[in-house]
Structure formats: C-alpha cells, structure tokens
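These are my notebook entries on one protein chain. I set down what I looked up, entry by entry.

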Amino acid sequence: MSHGELRELASAYALGALDPGDRERFEAHLAGCAECQAEVRSFRPVVDALAHTVDSRQPSAQLRARVLSVGSTRPAKGSRAATVLPWFLATAAAIALAALTPYTVQLRNRTRELAAAVRDLSARLADTDRQLVAARVEVSLLAAPDVRRVDLRGQSAAPQAVARAYLSRSRGVYFVASDLPQVPSDKAYQLWFVTPSGPVSASVFRPDDRGRAEIIADVPPGMPNPNALAVTLEPAGGVPAPTGSMYLVGPLN
C-alpha cells in the first residue's frame with residue numbers, strides 16, 4: 001500500500017476499526033512515518049469526544065448478562081478476546097508479583113535470620129552438652145578410688161608454665177595447664193604417660209589465647225603404670241614418640 005492509502009487508514013486506526021491485517025500493516029508504516037503519527041494524534045480529541053455525543057443510558061439486563069458471561073466463556077481461538085485476555089492476566093500477575101516482592105524479600109530475610117538463630121542455638125546446646133559430659137567425666141574421675149594427683153612444672157622451654165593432672169587407671173586422666181607459650185600452626189603440645197617401658201601418648205592439644213588448656217583423656221588398657229607425666233612440643237597431629245623440647249614434667253605422687 002502507498003503512503004496515501006495508508007494515511008487514509010489513520011482515522012479508522014484511531015477509532016480501533018481496522019481489521020488485524022490492515023492494523024498490522026498500518027502500525028509497521030506508522031513506526032517510521034512522522035506525518036501519519038501526527039495524523040493519528042489529531043484524531044484522538046475526536047475519539048474522546050465521541051463518548052459524549054450521545055445520552056448515557058442504563059444498559060439492559062440482557063446486555064449486562066452478556067457482558068458478565070464473557071468472563072466465564074472461553075474466547076474463541078484467534079478472537080480479540082483471546083488475544084487481550086492473556087495480556088490482561090499477565091499484567092495482573094505482574095502487578096500482584098510487584099506487590100508481593102517486598103513481602104517476599106522480607107520473609108526470605110526473616111527466614112534466614114531464624115535459620116541462623118536456630119544454628120546458633122543448636123551450636124550452643126551442643127557446646128553445653130559437651131561441657132556437661134566433660135563435667136560428669138571430670139567428677140567421676142576425681143571421685144575414682146584410685147585417683148592420683150600429678151603436679152607438673154615448667155621446664156627451660158617454658159619456665160612460667162604450670163599444670164596439674166588427676167590420673168585414674170580405671171577412668172582416665174584430667175589435665176589442666178596454664179601459661180603455656182603459643183605455638184605456630186604446624187605445631188602442637190603432646191601429653192605423655194612416662195612408663196618404665198617408654199612414653200605413651202595421652203593427647204595432642206593446643207592452648208587458648210591465654211595459654212590455658214584442659215584435657216580429659218583415656219588411659220590405654222594394658223599400659224604399664226606410669227611414673228610421670230610430661231608435655232613436649234611436637235608436629236601438629238602428634239608423633240608416636242617424643243621428638244621435641246620438654247615443656248612440662250611431673251612425677252606421680
């Protein structure tokens with residue numbers, strides 16, 4: 001169609017009276033034609049005025065029923081209603097989504113906060129359980145009929161360090177130390193049972209920031225009776241036999 005023929009469609013386009021084919025051709029032309037765009041704009045006041053050229057009337061009951069039935073009747077494929085309805089539903093869904101988004105974000109953030117609180121509470125409860133278990137073991141060990149106290153003194157590598165242990169062959173050893181020097185990440189302290197047949201590892205540990213350490217360890221079954229306890233500095237993870245400097249040592253009383 002020529003420019004003149006398409007321009008003649010401007011009024012019908014403004015009124016929404018073009019069939020789908022003509023509307024598609026006109027809109028393709030309209031996108032690049034300033035003259036036709038101005039022509040369409042000039043008809044908009046006329047279209048707006050048409051609504052006021054007739055007296056308003058109350059629609060009949062039959063017309064009202066037909067309009068209301070549109071929502072419950074499935075539009076025919078290819079009809080204008082079939083085209084408009086999905087667009088309307090998509091727009092309504094977008095509006096609903098936009099309204100829900102702040103609440104959804106708030107709910108998601110609140111859920112994350114609650115999950116973090118639950119994890120923190122679980123960790124605290126687990127830590128409390130461990131402390132209760134350790135306390136029960138400590139009380140049981142200290143009450144053992146065969147318990148013996150061992151006082152350990154700092155050696156030349158750590159003269160300020162001190163420790164005390166309670167040893168029961170039947171219930172284990174409870175060891176507490178203070179003023180131990182901090183150690184590098186590739187090192188750890190190792191507690192030893194010093195027996196007539198040689199040292200036996202009791203535990204590997206690292207002190208806290210204040211140089212304190214607290215240990216409860218088992219006594220290996222069949223181990224000869226120890227005559228002393230000792231602490232050496234070893235590679236992290238421990239070693240089968242002492243290789244490092246002696247930090248603490250104490251004979252059994």
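**Entry 1: disulfides.** I began with the cysteines and counted zero disulfides in this predicted model. I then asked why Cys33 forms no bond with the closest cysteine sulfur. The closest cysteine sulfur to that of Cys33 belongs to Cys36 and lies 3.6 Å away, which is too far for a bond. A disulfide needs two cysteine sulfur atoms within 2.5 Å. I repeated the search from Cys36 and was led back to Cys33, again at 3.6 Å and too far for a bond. I also looked up whether these cysteines are buried or exposed. Cys33 counts as buried because its relative accessibility is 9%. Cys36 is buried as well, at 0%.

**Entry 2: the chain as a whole.** I listed six helices and eight strands in the protein chain. Reading from the N terminus, I met the elements in the order α-α-α-α-α-α-β-β-β-β-β-β-β-β. Of the 253 residues in the chain, 23% are buried. I noted an accessible surface of about 17,100 Å², with 57% of it belonging to carbon and sulfur atoms. I also looked up the contacts with a separation of 6 or more, and 57% of them are between residues 24 or more positions apart.

**Entry 3: the sheet.** In what order do the strands stand in the sheet? I traced E5-E4-E7-E8-E1-E2-E3-E6, an open sheet of eight strands with antiparallel pairing. Strand E5 (198-205) and strand E6 (213-217) are at the edges; each has a single partner strand, so one side of each has no neighbour in the sheet. From one strand to the next, the twist averages 20°. I reminded myself that strands of a sheet pair through backbone hydrogen bonds, in a parallel or an antiparallel manner.

**Entry 4: pairings inside the sheet.** I followed strand E1 (residues 148-154) to its antiparallel partner E2 (residues 162-168) and found six bridges between them. In this pairing, Leu152 is opposite Ala163 of E2. E1 also pairs with strand E8 (residues 246-251), antiparallel, over two bridges. Here Gly154 stands opposite Leu248 in E8. I next examined strand E7 (residues 228-235), which is antiparallel to E8 and joined to it by five bridges. Leu248 in E8 appears in this pairing too, opposite Val231.

**Entry 5: Thr232.** I selected this residue from strand E7. Is Thr232 buried or exposed? Thr232 is buried, because its relative accessible area is 2%. Its side chain makes a polar contact of 2.8 Å with the side chain of Trp192. Setting aside neighbours within four places in sequence, I found Thr232 in contact with several residues, including Ala188, Tyr189, Gln190, Pro242 and Tyr247.

**Entry 6: Ala217.** I then turned to strand E6, where Ala217 is found. Ala217 counts as buried, since its relative accessibility is 8%. Its C-alpha atom is 6.7 Å from that of Tyr174, although 43 residues separate the two along the chain. Which residues does Ala217 contact, leaving aside its neighbours within four places in sequence? I recorded Gly172, Val173, Ala202 and Ser203.

How values were computed. Residues numbered from 1 in each chain as written. Predicted model: local features only at pLDDT ≥ 70, side-chain atom pairs only at ≥ 80, totals over all residues. Heavy atoms only, no water. Pairing = 2+ DSSP bridges. Helix = DSSP H or I, 4+ residues; strand = E, 2+ residues; numbered from the N terminus. Axes fitted to C-alpha atoms, helices over the stretch in contact; angles between N-to-C directions. Buried < 20%, exposed > 50% of the residue type's maximum accessible area, 1.4 Å probe, protein only. Contact = heavy atoms within 4.5 Å. Areas by Shrake-Rupley, 256 points an atom, 1.4 Å probe, with all protein chains shown as cover. Polar contact = N/O pair within 3.5 Å; in protein donor to acceptor, adjacent residues only side chain to side chain.
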